[in-house]
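Please open the model in your viewer and keep the selection panel at hand. The stops below go from the whole chain to single residues.

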Amino acid sequence: MDYVSALLPPVVMAAFFIGVVRVIVKTQGGASKTKEDAAVDAALARAEGARQTPAHPEA
């Protein structure tokens, strides 16, 4: 029975990992892909705009 208790944690971790990968793969694309892409593009545009705007304009 020691082998069962030794193998149980890796098997549980492997099953959990496979489940996480399946969820990630299933949620890629689909109906919300356009909305997610637009949100990322907007965030990148805000970050780019903040980077180009000087924090302390010198006069």
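The tour begins with the whole chain and then follows one helix.

This is a predicted model, in which local features need pLDDT of at least 70 and side-chain atom pairs count only at pLDDT 80 or more, while totals for chains, interfaces and linings use all residues. Residues are numbered from 1 along each chain as its sequence is written, and side-chain values use heavy atoms, with hydrogens and water left out.

Select the whole chain and colour it by secondary structure: there are two helices and zero strands, helices (H or I, at least four residues) and strands (E, at least two) being DSSP runs numbered from the N terminus. The chain exposes about 5600 Å², of which carbon and sulfur atoms supply 69%; accessible areas come from the Shrake-Rupley method with a 1.4 Å probe, and for residues only the protein chains shown count as cover. Of its 59 residues, 0% count as buried, where buried means under 20% relative accessible area, exposed over 50%, and partly exposed in between.

Next select residues 2–27, which form helix 1. Its 26 residues reach 39 Å from the first C-alpha to the last, close to the 38 Å expected at 1.5 Å a residue, that is, 1.5 Å times one less than the number of residues.

Within helix 1, centre on Leu8, where a kink of about 30° lies shortly before the proline Pro9; the bend is the angle between axes fitted to the seven residues ending there and the seven starting there.

Then pick Tyr3, also in helix 1, which counts as exposed because its relative accessibility is 56%.

Finish at Gly29, just after helix 1, which takes a positive phi of about 75°.

Technical notes
Buried means under 20% relative accessible area, exposed over 50%, partly exposed in between (1.4 Å probe, protein chains only).
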